[in-house]
2 protein chains.
Amino acid sequence: MASTSIKEVARQAGVSIGTVSNVLNRPHTVAADTRERVLAAISALGYVRNDSARQLRAGRSRQIAVVVLDVTNPFFTDVVTGVEDAVTENDLMVVVCNSGDSEDRQLRHLDQLEEQRVRGVLITPVEARPGERIERLVERGTPVVLVDRGADWTNGCRVTVDDAMGGRLAGEHLVASGHARIAFVGGPESIPQVAERHTGVAAAVRGKAKLTVVRTPHLTVTDGRRAAAQIAELSDERRPTAVFCANDLLALGVLQEMTARGVRVPHDIALVGYDDITFAAAAAVPLSSVRQPREQLGRTAADLLLQEISEGEAHVHRHVEFQPELVVRESSARG
Amino acid sequence: MASTSIKEVARQAGVSIGTVSNVLNRPHTVAADTRERVLAAISALGYVRNDSARQLRAGRSRQIAVVVLDVTNPFFTDVVTGVEDAVTENDLMVVVCNSGDSEDRQLRHLDQLEEQRVRGVLITPVEARPGERIERLVERGTPVVLVDRGADWTNGCRVTVDDAMGGRLAGEHLVASGHARIAFVGGPESIPQVAERHTGVAAAVRGKAKLTVVRTPHLTVTDGRRAAAQIAELSDERRPTAVFCANDLLALGVLQEMTARGVRVPHDIALVGYDDITFAAAAAVPLSSVRQPREQLGRTAADLLLQEISEGEAHVHRHVEFQPELVVRESSARG
DNA sequence: CCGTTCCGATGAAACGTTTCAAGAGCTATC
DNA sequence: GATAGCTCTTGAAACGTTTCATCGGAACGG
């Protein structure tokens with residue numbers, strides 16, 4: 001309980017505390033028998049290093065932080081997995097913080113993290129672009145890498161996925177499949193990702209098919225069902241023969257509502273989602289979807305951070321953009 | 001970059017460091033104008049408290065850790081959310097560690113956490129019951145609460161969900177719906193949860209219906225499809241009219257395969273899953289499922305830990321068991 | 001036998017807080 | 001005008017490491 005310190009280890013082993021420290025940090029500089037004695041004392045006393053003291057002396061911690069928007073969102077948990085992969089070799093530790101989409105909690109986490117002198121921060125900020133708090137963090141010398149956020153931010157590295165390209169891929173696929181009337185389901189446009197995906201599909205379709213837009217208040221299954229109901233009620237000659245949704249939840253909702261109404265997917269209407277969540281492949285009709293390299297996003301973000309940490313002043317910020325990939329499944333197979 | 005210390009704040013404000021510390025920790029004991037001066041200096045210099053020094057002095061940290069089996073599993077992320085809810089009021093911080101089902105990583109995390117002198121640990125250990133490392137942690141005075149693990153462990157608090165009861169609920173529901181031949185799909189039995197759910201359904205069904213067991217190597221959608229194929233190929237008089245799956249992924253697989261084979265759910269075969277993951281309600285045929293109070297599990301675990309922390313020696317370990325709840329949806333509606 | 005070199009161990013300083021006994025300066029009381 | 005009792009501030013010690021200059025002694029060369 002009363003945690004034993006290096007001092008007691010030293011006494012027990014009959015050496016000075018400097019020697020114990022050497023055993024811990026530079027074992028080769030210590031004579032073999034002394035080392036043995038110290039190690040014996042350590043395990044006899046159940047000594048555990050005190051990281052606070054260590055950090056205090058070192059002036060910095062050995063942790064990097066990932067601040068995610070929402071731990072319950074598979075996108076972010078996959079990113080975290082990628083980060084952990086990249087970091088494990090270095091003797092750094094990853095701490096995961098959840099802002100839960102609350103600016104207040106994000107703030108509290110950043111305060112805490114700065115007090116802990118973390119070596120760096122990977123963050124998808126609640127706001128579309130990093131606010132004053134994050135800028136201050138950077139200014140004071142903590143490297144920050146932005147994940148999937150912050151167009152035209154230049155004070156740090158960024159990793160993003162090309163959402164316009166994702167929209168384009170979906171659009172091109174549907175046009176190539178011969179669809180002349182296509183709907184884009186998604187919203188609100190204030191989410192940059194949604195707007196970009198829209199832009200992308202619009203560009204791909206332009207001049208080749210008619211694009212209808214169905215706005216949704218959010219990106220949920222329920223909103224998808226509502227949008228599908230709207231679409232299903234259009235007259236035959238106006239009803240699109242293909243739907244591209246801004247994410248998979250919407251697409252699942254669309255699928256569900258269409259099935260309930262006897263509209264067959266893909267026979268009567270083709271369907272493409274976005275994100276390729278685990279359940280896309282497992283849906284009643286396996287869902288075509290645009291996949292983002294989530295783990296790689298995390299891995300790369302972590303690599304950039306590690307580079308910035310090791311390069312110090314010499315570091316030049318970089319922006320890495322990933323290309324998404326279209327996964328074609330039954331829901332958009334040529335009927 | 002060179003983080004400013006309390007000392008420079010003191011100099012800038014023309015007071016002693018003790019006074020600065022007082023402004024930070026007991027503002028009311030400091031004269032108003034002095035306080036103002038100090039606060040001005042703090043913001044002018046961009047001073048950020050050094051948590052390591054603080055902790056070193058205090059002898060303990062202000063963090064509690066949650067070590068989860070798998071961050072990408074929605075079960076655990078919901079538990080984490082519950083923990084965060086419970087902890088926010090206290091000025092403790094939650095750090096999330098992911099053992100990724102690897103004993104090695106779990107070990108590394110526990111070592112790190114102990115060096116950091118965390119106040120307590122919430123953990124679902126990789127092993128079925130806490131191993132030597134966890135016992136040592138407890139012995140040395142770090143409170144540990146086990147989440148959904150560790151039958152008959154007495155060295156700390158535990159929270160669990162009554163899996164046998166979950167199985168029983170599903171079984172009773174299906175029997176009450178008039179099914180005479182029921183299948184249990186799941187495996188491996190070495191997972192305590194699977195075995196308990198099996199026991200529960202067996203008890204509920206005994207004497208009222210015939211229970212067939214279809215073993216699966218894992219708990220995935222693919223395994224569910226395979227199991228469904230086996231079931232679909234039985235002769236009409238032997239084929240069960242209802243299936244209870246050990247988790248929702250299996251159930252989704254079963255649903256998919258049945259649909260593909262033209263077997264209608266629930267008309268030809270009823271289906272009940274376990275976990276009530278988000279996508280259970282969003283499946284092509286909304287899935288009946290046994291729901292576990294995931295967030296509450298986390299909240300309660302955190303509460304127990306906080307109690308143990310505050311009660312100290314006087315603390316008596318407790319075991320809280322939650323009852324799951326059956327959510328009936330279309331997949332098991334009376335045909 | 002002396003000077004040099006090398007190996008290993010030592011002791012003290014430093015990191016940035018918090019805490020607490022003690023002191024300084026006032027006011028109120030007698 | 002001395003005493004006591006305030007309020008506010010101070011200075012020093014302590015927390016447990018790491019680091020680094022220093023030192024003792026052995027080995028070695030001349």
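**Exercise 1. The backbone of DNA strand C**

How far is a phosphate oxygen of DNA strand C from an N or O atom in the side chain of B:Ser21? Determine also which other residues approach the phosphates of this strand, and which helices line the surface near it.

*Solution.* The structure is a predicted model.

Step 1. The N or O atom in the side chain of B:Ser21 lies 3.0 Å from a phosphate oxygen of DNA strand C. A polar contact requires N or O atoms within 3.5 Å, and the pair involving B:Ser21, at 3.0 Å, is therefore a polar contact.

Step 2. The side chain of B:Arg54 has an N or O atom 3.1 Å from a phosphate oxygen of DNA strand C. In A:Ala31 a polar backbone atom is involved instead, and its distance from a phosphate oxygen of the strand is 3.1 Å.

Step 3. Two or more residues of the surface near DNA strand C come from each of helix H2 (17-25) and helix H4 (51-58) of chain A, and likewise from helix H2 (17-25) and helix H4 (51-58) of chain B. Of these, H2(B) gives the most, with four residues.

Step 4. In total, 23 residues surround DNA strand C, and A:Thr19, A:Thr34, B:Ile6, B:Tyr47 and B:Arg57 are the closest. Of the atoms of this strand that come within 4 Å of the protein, 67% belong to sugar and phosphate.

**Exercise 2. The surroundings of DNA strand D**

Describe the protein surface near DNA strand D, and state which helix gives the largest share of it.

*Solution.* Step 1. DNA strand D is surrounded by 24 residues; the closest are A:Ile6, A:Tyr47, A:Arg57, B:Ser16 and B:Thr34. Sugar and phosphate make up 67% of the atoms of DNA strand D that come within 4 Å of the protein.

Step 2. A backbone N or O atom of A:Ile6 is 2.7 Å from a phosphate oxygen of DNA strand D. Side-chain N or O atoms also approach phosphate oxygens of this strand: the distance is 3.0 Å for A:Ser21 and 3.2 Å for A:Arg54.

Step 3. H2 and H4 of chain A, and H2 and H4 of chain B, each supply at least two residues of the surface near DNA strand D. The largest share, four residues, comes from H2(A).

**Exercise 3. The cysteines**

How many disulfides does the structure hold? Explain the result for A:Cys97 and B:Cys97.

*Solution.* Step 1. Over all chains, the structure holds zero disulfides. For A:Cys97, the nearest cysteine sulfur is that of B:Cys97, 11 Å away. A disulfide needs two cysteine sulfur atoms within 2.5 Å, so A:Cys97 is in no disulfide.

Step 2. Is A:Cys97 buried or exposed? Its relative accessibility is 1%, so A:Cys97 counts as buried. B:Cys97 is likewise buried, with a relative accessible area of 1%.

**Exercise 4. A sheet in chain A**

In what order do the six strands of the open sheet in chain A lie, and which strands form its edges?

*Solution.* Step 1. The order is E7-E6-E8-E9-E10-E12, and the pairing is mixed. The edges are strand E7 (210-215) and strand E12 (325-327), each of which pairs on one side only. From one strand to the next, the twist averages 20°.

Step 2. In chain A, strand E6 (residues 181-186) runs parallel to E7(A), and six bridges join them. A:Ala183, for example, has A:Thr212 in E7(A) as its bridge partner.

Step 3. Helix H11 (residues 248-260) of chain A lies across E6, strand E8 (242-245), strand E9 (270-275) and strand E10 (288-291), and runs at about 155° to E9(A).

Conventions:
Residues numbered from 1 in each chain as written. Chains lettered and ligands numbered in written order. Predicted model: local features only at pLDDT ≥ 70, side-chain atom pairs only at ≥ 80, totals over all residues. Heavy atoms only, no water. Buried < 20%, exposed > 50% of the residue type's maximum accessible area, 1.4 Å probe, protein only. Pairing = 2+ DSSP bridges. Axes fitted to C-alpha atoms, helices over the stretch in contact; angles between N-to-C directions. Contact = heavy atoms within 4.5 Å. Near = heavy atom within 4 Å. Polar contact = N/O pair within 3.5 Å; in protein donor to acceptor, adjacent residues only side chain to side chain.
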